[in-house]
There are 2 protein chains.
Amino acid sequence: MDVFASTDGQESDGHEQVVFCQDKQSGLKAIIAIYSTALGPALGGTRFYPYASEAEALHDVLELSRGMAYKNALAGLDLGGGKAVIWGDPDRIKTEPLLRAYGRFVESLNGRYYTACDVGTYVADMDVIARETRFVTGRSVEHGGAGDSSVLTAWGVFQGMRAAAEHVWDSPTLAGRRVGVAGLGKVGRHLVAHLIDDGASVVATDVNERALAWVRQTYPQVDLVSDATALVTSDIDVYAPCALGGALDDTTVPALRARVVVGAANNQLAHPGIEKLLADRGVLYAPDYVVNAGGVIQVADEIEGFNFDRAKLRATKIYDTTRDILRLADAEGVPPAVAADRLAERRMAEVGRLRTIHLR
Amino acid sequence: MDVFASTDGQESDGHEQVVFCQDKQSGLKAIIAIYSTALGPALGGTRFYPYASEAEALHDVLELSRGMAYKNALAGLDLGGGKAVIWGDPDRIKTEPLLRAYGRFVESLNGRYYTACDVGTYVADMDVIARETRFVTGRSVEHGGAGDSSVLTAWGVFQGMRAAAEHVWDSPTLAGRRVGVAGLGKVGRHLVAHLIDDGASVVATDVNERALAWVRQTYPQVDLVSDATALVTSDIDVYAPCALGGALDDTTVPALRARVVVGAANNQLAHPGIEKLLADRGVLYAPDYVVNAGGVIQVADEIEGFNFDRAKLRATKIYDTTRDILRLADAEGVPPAVAADRLAERRMAEVGRLRTIHLR
């Protein structure tokens, strides 16, 4: 796979910079991809994964970094989009020297890229990486980290859901609505709490028995069903996928009884055509990367010195952004995902352009 | 072509960092390759060339940056090895925005890579690039540049030739020897001057009529022959290839009457086996990248603020380095090119290791 060719012929500007980093002694093979720095330094996590090939690793980091540019733009952050992958099995090769070698390469970019946790990397790893570079978020609370980012992820999803509710039912509340939450991990649980507080009735499911036990104990009023299929086909107003990706596919969408889909899971659309299928069935889908941006908003706040209240204020704006996107989608006659992309590109172009006004 | 795979299975450490840089608006597609920074920031020129494919561009920059690491190490510089390529036809796409976009990417590496002129880029281009980055050499004299680097390239080749003469004839001089100079470009002309001053007799050739006219006028005592074949087969003690690469091939080496080959041209060996063919025929070959390092020594001096006398002192040491390499080759029973690689690797490892002694 070629780096430049990956964006040839596309309308987009393509990736600014793709950095292959190698330290043979520690076994480090990493690729840092910076899609855009139009809005500021590129922020995105480091995925540590045993890809089958270099081409597969490159493909993933190019896609993910592009996604982060759009996500960070719509999150209203002064941050561009980037992502990194470390190629290898973290259980086998993750060591202090490897993580620190990686940290030195992050530092070598002098702040054009900030890293964070992703699949295969954890808070403790960020603390190690931070011994070599200043450009790390997702650190432990003791080191100035933002802590568990599921808190504001759930808060942001709830705000997105309020905006969707207003768009469909003219009132920004879930009170009296029935919401189906698929996945009761950390984000799902926080979301259930917000929904109950708001006066919604909740039906939920999870494969994990301990998660179910937690719900039975904490929120006995929540109905539990056996699996996602049962949830999707039940009489719900809102569907909130909060587990693995691909929740919306050719099977679930035709079976779906909800008018609105707003959830925390990444990559909810199993393939590009699903977006249209949802629209054709009159289902309002708030793009996942818009409503689940509370997490990146939370860790990004570390860059300024973490302040929970400030980060929460920013995550609350996901309500406004979702509302704007849904209105733009109606106005321009496109699915919300297309409207979201347009809004992101507009912000990157219009705010990025302001640097042409010279200051220093 | 894969970046990491390019060095898999090799004993070498492989490239530290390979940076793809793109600015679609100006048309910039560049690859900066940093082979090693063990000895300091990586220095190497920027080649601007219309490669047939990204894979070809990548292959070239990986090879060239590796070569620069070895060259700079043996030149005694506190500099690692790197190189860059800009993919495209300079006559068609070279513009101020493109060069400055490239300069910003050089700057983004924050001094881990210094650029310089190479095929397709000139002093005037470096002056443009320098408007975006501090990490440029090869600028115009008016901007602190080292000026025409053929001066110390020729001086270094002459020093290498002195060391080879001492190794073969026990005296570090070309006095009384007959030297064949192929190529009377800028370096070749300076070399002829040094040889005449030293008391050598010179036979030379060039395809360019103006170059020949210059010699006839300036050094009427120089014999001129019609082409390189005539030069190689003439009765010479030393052969100095100072034109295009590949001067030593399966045709020229068997025909060669010289005992010693020392010249300024890059990549004199047409293919790897030639080295052994030279050794088998008792021809002493001083590796090209060792003896022609005066040029990089000259431009590297810009980093400290150019001082010709200091740079000349450093280029004079090519005598010592060539002597050490030839002795090591004898001692270890290997061709000089192998001895040179070992010496370079030794310096990178031994001097690079000193950073383990913490200072600040």
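These are my notes on how the two chains relate and on strand 5 of chain B, all from a predicted model.

**Symmetry**

I started by laying chain A on chain B. The RMSD comes out at 0.1 Å, with a turn of 179 degrees and a shift of 0.0 Å along the axis. The two copies are thus related as by a two-fold rotation axis. I then checked the contact residues: 100% of those in chain A recur in chain B, so the same surface serves both copies. Which residue of chain A comes closest to the rotation axis? That is A:Val19, with its C-alpha at 2.2 Å.

**Strand 5 of chain B: buried or exposed?**

I went through residues 80-87 of chain B next. Eight of the eight are buried, so strand 5 is largely enclosed by the rest of the structure. Side chains in a regular strand alternate between the two faces of the sheet, and I looked at each face separately. One side has B:Gly80, B:Gly82, B:Ala84 and B:Ile86, and the other has B:Gly81, B:Lys83, B:Val85 and B:Trp87; all are buried. Yes, that list includes a lysine, B:Lys83.

**Its partners**

I looked up what strand 5 of chain B pairs with. Strand 2 (residues 28-36) runs antiparallel to it over six bridges, and B:Ile31 has B:Val85 as its bridge partner there. Strand 3 (residues 42-43) pairs in the parallel sense over two bridges, with B:Ala42 matched to B:Gly80. Strand 4 (residues 46-49) is also parallel, joined by four bridges; B:Tyr49 is partnered with B:Trp87. Last, I traced the link from strand 4 to strand 5 of chain B: the chain passes through helix 1 (residues 54-74), and this β-α-β crossover is right-handed.

Definitions and conventions. Residues are numbered from 1 along each chain as its sequence is written. Chains are lettered from A and ligands numbered from 1 in the order in which they are written. This is a predicted model: local features need pLDDT of at least 70, side-chain atom pairs count only at pLDDT 80 or more; totals for chains, interfaces and linings use all residues. Side-chain values use heavy atoms; hydrogens and water are left out. Copies are superposed by least squares on the C-alpha atoms of residues with pLDDT of at least 70 in both. Contact means heavy atoms within 4.5 Å. Buried means under 20% relative accessible area, exposed over 50%, partly exposed in between (1.4 Å probe, protein chains only). Two strands pair if DSSP finds at least two bridges between them. A crossover is right-handed if, with the strands pointing away from the viewer, the path from the first strand over the helix to the second runs clockwise.
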